[in-house]
Structures are given as C-alpha cells and as structure tokens.
Amino acid sequence: MEFVLLGVIVIVLLGFFVVFAAVRAGARPAGPLAWRSPGLAPPVSAALLQRVRELYAENKKIEAIKLIREETGLGLKEAKNLADGIGAGRPLPVATARHGYDLAARARELKEAGQVEQAVFLVRGETGMSQSEAERFVDALGLE
C-alpha cells in the first residue's frame, strides 16, 4: 500500500514538473490559431472580404462577425475588430512577396505612397504606441 501511494505521489509531482517546465519554456498549444502573430490579421480570402463589406453595407454587423469567426476561428473580440476594420475600409496587414508581414516595411510602403497618417495609424493599431511614438517611428523609416 505504501508503494502505491508513493507511486501516485511521484506521478503527480512528475506531472506538475512537466507542466511547470512547459509554462516556463513559453510553450503554447497548437490549435487553429497557431499561425498567428501578435497584431496581425489572419489570412482573409477576397470572397470573405467582399461578403463582410456587403454585410456591413446592409447594416448586418453581427452576421459579419459570425462569418469571420466561422471562417478564421477568431474569438469574438478579435473577429469584431477585424469586421469593423473591413467595414470601415481600413487596409488589412497582408503578406506581400517583397516584405512579408514586417510592420516597418508595411509602414514604409504607406509612407512612400504619401500616406503618412495611415502609416501612423497602422503602427499605433498594431503596437499600442501613443500618437507621438508612432509618428517618431514612421519618421525614422527611411525611404527605399
């Protein structure tokens, strides 16, 4: 009986140790959102973009949010933010062959196109910087 109790205690302690080690190592569960990077929108098809825009034009925001959640696996808050951005016509952070998902490169592209305010808005939205911090960031970006 003592050996069984000792075995159970060892197994429980070993389980706690494994969980603790995984948490300390920063392990995150793989799941439908494992592709995500902080501050980036999930891959959104052109058909989904168009449908969300149509739903917003029809003032069917809840249906648009539900559609995004179904298609992307996002949570309610993230799906609402994405739907609001699409409905407002804001550009989504998307990969380009030239730059990938690099925030500085996307902000630089906007700056090169003369859209400095949009670049600042993008930086603020993805980093949480203040207005002045984002302006300094965009100002520091060199033009290619």
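Which residues in α2 meet which residues in α3? In the predicted model, the residues contributed by α2 are Leu48, Arg51, Val52, Leu55 and Tyr56, and these meet Lys61, Glu63, Ala64, Leu67, Ile68, Glu71 and Thr72 in α3. By residue class, this contact of α2 with α3 divides into 7 nonpolar, 1 polar and 4 charged residues.

Two packed helices are described by the angle between their axes and the distance between the axes. For helix α2, which spans residues 46–57, and helix α3, which spans residues 61–72, the axes come within 8 Å and cross at roughly 160°. Because angles over 145 degrees count as roughly antiparallel, α2 is described as roughly antiparallel to α3. The handedness of the crossing of α2 and α3 is left-handed.

The surroundings of this helix pair can be followed further through two alanines of helix α4, a helix that covers residues 76–88. Ala83, which lies in α4, has a relative accessible area of 0% and is therefore buried, the cut-off for that class being under 20%. When neighbours within four places in sequence are left aside, Ala83 is in contact with Val52, Tyr56, Ile65 and Ile68. Of these partners, Val52 and Tyr56 also belong to the α2 side of the contact of α2 with α3, whereas Ile68 belongs to the α3 side. Ala83 is also separated from Lys61 by 22 residues in sequence, while the C-alpha to C-alpha distance between Ala83 and Lys61 is 7.7 Å.

Ala79 likewise lies in helix α4, and Ala79 is buried, with a relative accessible area of 0%. Apart from neighbours within four places in sequence, the residues in contact with Ala79 are Ile65, Ile68, Arg69 and Leu74. Ile65 and Ile68 thus appear among the contacts of Ala79 and among those of Ala83. Between Ala79 and Lys66 the separation is 13 residues in sequence and 7.9 Å in space, taken from C-alpha to C-alpha.

At the level of the whole protein chain, the model contains 7 helices and 0 strands, and the pattern read along the sequence is α-α-α-α-α-α-α. Of the 144 residues in the protein chain, 27% are buried. Among contacts in the protein chain with a separation of 6 or more, 40% are accounted for by residues 24 or more positions apart. The area exposed by the protein chain is about 10,100 Å², of which 61% is supplied by carbon and sulfur atoms.

Definitions and conventions
Residues numbered from 1 in each chain as written. Predicted model: local features only at pLDDT ≥ 70, side-chain atom pairs only at ≥ 80, totals over all residues. Heavy atoms only, no water. Helix = DSSP H or I, 4+ residues; strand = E, 2+ residues; numbered from the N terminus. Buried < 20%, exposed > 50% of the residue type's maximum accessible area, 1.4 Å probe, protein only. Contact = heavy atoms within 4.5 Å. Axes fitted to C-alpha atoms, helices over the stretch in contact; angles between N-to-C directions. Parallel < 35°, antiparallel > 145°, perpendicular 65-115°, else oblique. Left-handed = near helix turned anticlockwise from the far one by under 90°. Nonpolar A, V, L, I, M, F, W, Y, C, P; charged D, E, K, R; others polar. Areas by Shrake-Rupley, 256 points an atom, 1.4 Å probe, with all protein chains shown as cover.
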